[in-house]
Amino acid sequence: MFGKVKRNKDVIQQNISKKNKKELKAQKKWEQDEERIKGSKFRLLNEYMYTVNSVDALKHFKQHPEEFKIYHTGYAQQIEKWPESPVGNIIKLLKESEQFQNKKLVVADLGCGQGEIQEHFDKDKRLCKLITVKSFDLVAIKPYIIETDISNLPMDDCSCDVAIFSLSLMGVNYLDYLGEAFRVLKKNGHLIIAEVKSRMNNIDNFVNLITGMGMKILKRDEHNSHFVLFVFQKIMDICQFNGPLNQKRVYQILGQKDPNLKDWQSLGQQILQPCVYKKR
Ligand code: SAH
């Protein structure tokens with residue numbers, strides 16, 4: 001009699017654990033699917049930002065700020081897989097390199113994402129007295145981030161010592177972002193750029209583009225597998241890049257006169273290709 005009750009109990013127990021296992025499996029599958037959807041959404045948003053004008057990107061994210069969070073969660077997961085992070089290397093550069101050490105600096109982080117550079121220096125008791133970081137992005141994930149399109153910066157001419165683009169030359173009008181960085185930098189100020197290697201067919205073209213604006217190159221660090229880190233210094237007062245010289249200058253840099261390159265956007269894309277993911 002007792003044996004039968006025990007057997008029944010065992011059967012019930014087995015059924016419960018079978019049910020739990022099934023539920024757990026379903027839950028796991030749900031979570032995996034959700035991750036996959038978020039990953040796809042990140043890739044979609046990433047491609048969107050690389051293929052539209054920043055005016056449209058700003059409008060889009062103003063209407064859908066939640067998508068900006070999805071983008072940055074995906075972005076952080078992506079960067080975690082890289083052997084080094086561009087932001088980490090830029091912070092190291094600002095702290096350890098002779099041209100920046102022990103100097104009072106106003107730094108503009110253009111396309112700051114989660115604002116990690118400002119967060120780092122604001123937290124440092126000694127360096128926060130020397131380094132003032134201003135962070136700009138389309139959406140302010142943190143309260144200190146200034147919401148703006150960096151192709152039109154709310155900063156005075158010659159008002160900062162260092163301008164940074166860490167993987168942020170995204171819009172099809174990124175040439176305008178570069179023009180703005182040139183404008184807001186003081187003479188002898190520094191421009192730090194981290195850019196994805198695979199976007200550049202020819203790194204020299206990109207370097208020539210910036211030096212052609214009136215800068216000299218101080219550093220070109222290609223040791224990282226995923227990105228190149230550049231440091232430039234502004235040596236001219238007037239950006240040679242502005243005005244009707246633009247297209248002519250870029251044509252010279254590319255060393256060609258391609259009849260398909262009629263507009264500013266295609267010129268830019270010849271030098272830095274949009275970072276789009278392969279379709280799965
Ligand atoms: N610099 C950060 C984030 C890189 S992701 C880092 O290295 O971790 C690229 C960022 O550039 C995104 O947050 C995107 O919104 C921003 N960005 C691209 N174009 C922009 C524009 N026109 N104005 C403001 N931010 C821009």
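This passage describes the fold, the sheet and selected side-chain arrangements of a predicted model.

The protein chain contains nine helices and seven strands. Of its 280 residues, 44% count as buried. The chain exposes about 15,800 Å². Carbon and sulfur atoms supply 53% of that area. Contacts were also examined by sequence separation. Among those between residues at least 6 apart in sequence, 71% join residues at least 24 apart.

The seven strands form an open sheet. Their order is E3-E2-E1-E4-E5-E7-E6, and the pairing is mixed. Strands E3 (146–147) and E6 (215–221) stand at the edges. Each has a single partner strand, so one side of each is left without a neighbour in the sheet. E6 runs antiparallel to strand E7 (residues 227–234), and six bridges join the two. One bridge can be named: Asp221 has Leu229 in E7 as its partner. Elsewhere, helix H5 (residues 116–123) lies across three strands, namely E1 (105–110), E2 (131–137) and E4 (160–166). H5 runs at about 155° to E2.

Strand E7 was examined residue by residue. Gln233 has its place in this strand. With a relative accessible area of 14%, Gln233 falls under the 20% cut-off and is buried. Neighbours within four places in sequence aside, Gln233 is in contact with Asn188, Gly189, His190, Gly214, Met215, Lys216 and Leu218. Lys234 also belongs to the range of E7, residues 227–234. Lys234 lies over the face of Phe182, at 4.5 Å from the ring centre. A second charge sits over a ring at Arg199. The charged end of Arg199 is 6.0 Å from the centre of the Tyr174 ring.

Aromatic pairs were searched for in the whole structure, and six were found. In one of them, the rings of Tyr71 and Tyr75 have centres 6.1 Å apart and planes at 25°, so the pair is stacked. Both residues lie in helix H3 (residues 65–80). They are four residues apart, about one turn of the helix. Their exposure was also computed. Tyr71 is buried, at a relative accessible area of 4%. Tyr75, at 21% relative accessibility, counts as partly exposed. The rings of Phe230 and Phe232 are stacked as well, because their planes stand at 25° and their centres 5.8 Å apart. Phe230 is buried, with a relative accessible area of 0%. Phe232 is likewise buried, at 0%. Ring pairs also build a cluster, which links Phe42 with Tyr71 and Tyr75.

Backbone geometry drew attention to two loop residues. Asn102 has a phi near 55°, a positive value in a residue other than glycine. Asn102 is found in the loop between helix H4 (86–96) and E1. At 59% relative accessibility, Asn102 counts as exposed. Cys158 has a phi near 50°, again positive in a residue other than glycine. The loop that holds Cys158 lies between E3 and E4. Cys158 is partly exposed, with a relative accessible area of 44%.

Notes:
Residues are numbered from 1 along each chain as its sequence is written. This is a predicted model: local features need pLDDT of at least 70, side-chain atom pairs count only at pLDDT 80 or more; totals for chains, interfaces and linings use all residues. Side-chain values use heavy atoms; hydrogens and water are left out. Two strands pair if DSSP finds at least two bridges between them. Contact means heavy atoms within 4.5 Å. Axes are lines fitted to C-alpha atoms, for helices over the stretch in contact, and angles run from 0 to 180 degrees between N-to-C directions. Buried means under 20% relative accessible area, exposed over 50%, partly exposed in between (1.4 Å probe, protein chains only). Accessible areas come from the Shrake-Rupley method with a 1.4 Å probe; for residues, only the protein chains shown count as cover. Rings of Phe, Tyr and Trp (its six-membered ring) pair if their centres lie within 6.5 Å; planes under 30 degrees apart count as stacked, over 60 as edge-to-face and the rest as tilted. A charge sits over a ring if NZ of Lys or CZ of Arg is within 6 Å of the ring centre and within 35 degrees of the ring normal.
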